[in-house]
Amino acid sequence: MKYFAIATLFVLFLVAGCSVTSGTFPPGTVATIGAEINQFFADLSEALRSNDVERVLGFYTLPFEYVDYEGTAITIATQETLRTFILETTMTGTILEDEFRNLKVLNILSEDNVVVTVDEHWVQEYGGSTYSGTDHLRVTLVKVAGSWKIRKTELLGFE
């Protein structure tokens, strides 16, 4: 049995591509959630690179909460306000690259509520200049109608 648990954790790291902290869920459930979250961020990265705000909107749920680096929180309650927020903060200019790295599932609160940390590396072109950076994020994801959505994003730091 001990070898099965070790093998399951090893497969989890290979399949999910992220580390997971959870003590209350069976290894199979943890592996499934880890793989789903890893795929979610791969799909979000692709959507961001498409530079299509309508496509990116599908990765969020309302109400959505954003907490900046200084701890100032805003809650967004309407689709139009969320669209404007994404255009002003995430999709300023043309996204040339957007990749999520160092994904770690911090806490599986339930099978449809997960908290992760992730680094988002981005490159954007705006006004003839190219800008790049990495944002360190804590993200709360919830499952809505069978799909993971971002409920809250906290900016922990940036480079």
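Here is a walk through the fold, its confidence, its aromatic pairs, its main pocket and two individual residues.

What you have in front of you is a predicted model, so start with how far the predictor trusts itself, because pLDDT is its confidence in each residue, from 0 to 100. The mean pLDDT of the protein chain is 88, and 86% of the residues reach 70 or more. The weak spot to know about is residues 1-16, where the pLDDT is below 50. That stretch still has 14 contacts in the model beyond near neighbours in sequence. Where pLDDT is low, the predicted coordinates should not be read in detail.

Now the fold. The chain has four helices and seven strands, and from the N terminus on they come in the order α-β-α-α-β-β-α-β-β-β-β. There are 159 residues in the chain, and 39% of them count as buried. Take the contacts with a separation of 6 or more: 51% of them are between residues 24 or more positions apart.

Next, the rings. The structure holds seven aromatic pairs. One of them joins Phe-40 and Phe-59, edge-to-face, at 5.4 Å centre to centre with 65 degrees between the planes. This pair ties together distant parts of the chain: Phe-40 sits in helix 2 (residues 27-49), while Phe-59 is in the loop between helix 3 (53-57) and strand 2 (60-67), 19 residues apart. Are these two rings buried or exposed? Phe-40 has a relative accessible area of 5%, so it counts as buried, and Phe-59 is buried as well, with 14%. Another edge-to-face pair is Tyr-60 with Phe-64, at 5.1 Å centre to centre and 90 degrees between the planes. Both Tyr-60 and Phe-64 are buried. Back at Phe-40 and Phe-59, ring pairs link these two with Phe-41 and Phe-100 into a cluster.

Then there is the empty space. The largest pocket has a volume of about 440 Å³, and 22 residues line it. Nearest its centre you'll find Thr-89, Thr-90, Glu-120, Asp-135 and Leu-137. Which element gives the largest share of the lining? That's helix 4, with four residues. Plenty of other elements chip in too: at least two lining residues each come from helix 2, strand 2, helix 4 (79-90), strand 4 (94-110), strand 5 (113-126), strand 6 (129-144) and strand 7 (147-158). By class, the lining has 14 nonpolar residues, five polar ones and three charged ones.

Finally, two residues to click on. Thr-61 belongs to strand 2. Its relative accessibility is 10%, so Thr-61 counts as buried, the cut-off being under 20%. Setting aside residues up to four places away in sequence, Thr-61 touches Val-142, Val-144, Lys-149, Ile-150 and Arg-151. Arg-55, in helix 3, is partly exposed, with a relative accessible area of 36%. Leaving out neighbours within four places in sequence, Arg-55 is in contact with Glu-46, Ala-47 and Ser-50. For a distance to check in your viewer, the C-alpha atoms of Arg-55 and Leu-44 are separated by 9.0 Å, and the two residues are 11 residues apart along the chain.

Technical notes:
Residues are numbered from 1 along each chain as its sequence is written. This is a predicted model: local features need pLDDT of at least 70, side-chain atom pairs count only at pLDDT 80 or more; totals for chains, interfaces and linings use all residues. Side-chain values use heavy atoms; hydrogens and water are left out. Rings of Phe, Tyr and Trp (its six-membered ring) pair if their centres lie within 6.5 Å; planes under 30 degrees apart count as stacked, over 60 as edge-to-face and the rest as tilted. Buried means under 20% relative accessible area, exposed over 50%, partly exposed in between (1.4 Å probe, protein chains only). On a 1 Å grid over the protein atoms alone, a cavity is a set of points where a 1.4 Å probe fits but cannot get out, and a pocket is an open set with protein on both sides within 12 Å along at least five of seven lines; lining residues have an atom within 4 Å of a point. Grid points are joined across faces, edges and corners, and a volume is the space filled by probe spheres set on the points. Ala, Val, Leu, Ile, Met, Phe, Trp, Tyr, Cys and Pro count as nonpolar, Asp, Glu, Lys and Arg as charged, and the others, Gly among them, as polar. Contact means heavy atoms within 4.5 Å.
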